Amino acid sequence: MFYQEVLCFSCKKIFRVYEGSLQYKQAKERKSSFFCCEDCSHKIRIEAILNFFR
Ligand SMILES: [Zn+2]
């Protein structure tokens, strides 16, 4: 399976994005320089939901 290694802008950890995912495509085409690992995207999603109800 093909993957790209990208840096998470939130926790500054290198993580892998696998072929077929949107982030992989963005990494390959260098369209986006900001990537977010699964842990952080999960946290961000929860925070967004919490902010919504605040
Ligand atoms: Zn992260």
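Biologist: Okay, buried means under 20% relative accessible area. So is C37 buried or exposed?

Modeller: C37 counts as buried, because its relative accessibility is 10%. Keep in mind that this is a predicted model.

Biologist: Got it. What does C37 do around the zinc ion, and which residues join it there?

Modeller: The sulfur (SG) of C37 is one of the protein donors of the zinc ion, along with the SG atoms of C8, C11 and C40. These donors lie 2.2 to 2.3 Å from the zinc.

Biologist: And why is the arrangement called tetrahedral?

Modeller: Look at the angles: the 4 donor atoms subtend 103 to 114 degrees around the zinc ion, so the arrangement is tetrahedral. The cut-off asks for all angles to lie between 85 and 135 degrees.

Biologist: How are the donors spaced along the chain?

Modeller: They follow C-x2-C-x25-C-x2-C. C8 sits in the loop between β1 (3–7) and β2, while C37 sits in the loop between α1 (22–29) and α2, so this pair ties together parts that are 29 residues apart in sequence.

Biologist: Is C8 buried or exposed?

Modeller: C8 counts as buried, since its relative accessibility is 0%. F9 is in the loop between β1 and β2, and at 38% relative accessibility F9 counts as partly exposed. The C-alpha atoms of F9 and C40 are 9.1 Å apart, although 31 residues separate these two along the chain.

Biologist: Switching topic: how many disulfides does the structure hold?

Modeller: The count is 0.

Biologist: Then why doesn't C36 form a bond with C8?

Modeller: The sulfur of C8 is the closest cysteine sulfur to that of C36, but the gap is 4.6 Å, which is too far for a bond. A disulfide needs the two sulfur atoms within 2.5 Å. C36 counts as buried too, because its relative accessibility is 11%.

Biologist: Last topic, pockets. How much space lies in the largest one?

Modeller: The largest pocket has about 230 Å³ of space. Its lining has 14 residues, and the closest to the pocket centre are F15, R16, C36, C37 and E38.

Biologist: Which elements give two or more residues to that lining?

Modeller: Those are β2 (14–18) and α2 (38–53). The largest share, 5 residues, comes from β2.

Biologist: What classes of residue make up the lining?

Modeller: The lining of the largest pocket has 6 nonpolar, 3 polar and 5 charged residues. Have a look at C37 again in the viewer: C37 is a donor of the zinc ion and is among the residues closest to the centre of the largest pocket.

How values were computed:
Residues are numbered from 1 along each chain as its sequence is written. This is a predicted model: local features need pLDDT of at least 70, side-chain atom pairs count only at pLDDT 80 or more; totals for chains, interfaces and linings use all residues. Side-chain values use heavy atoms; hydrogens and water are left out. On a 1 Å grid over the protein atoms alone, a cavity is a set of points where a 1.4 Å probe fits but cannot get out, and a pocket is an open set with protein on both sides within 12 Å along at least five of seven lines; lining residues have an atom within 4 Å of a point. Grid points are joined across faces, edges and corners, and a volume is the space filled by probe spheres set on the points. Helices (H or I, at least four residues) and strands (E, at least two) are DSSP runs, numbered from the N terminus. Ala, Val, Leu, Ile, Met, Phe, Trp, Tyr, Cys and Pro count as nonpolar, Asp, Glu, Lys and Arg as charged, and the others, Gly among them, as polar. Donors are N, O and S atoms within 2.8 Å of the metal (3.2 Å for Na, K and Ca); water is not among the atoms, so sites may look incomplete. Four donors count as tetrahedral if all angles lie between 85 and 135 degrees; four count as square planar and six as octahedral if opposite donors are over 155 degrees apart and all others between 65 and 115; anything else is irregular. Buried means under 20% relative accessible area, exposed over 50%, partly exposed in between (1.4 Å probe, protein chains only).
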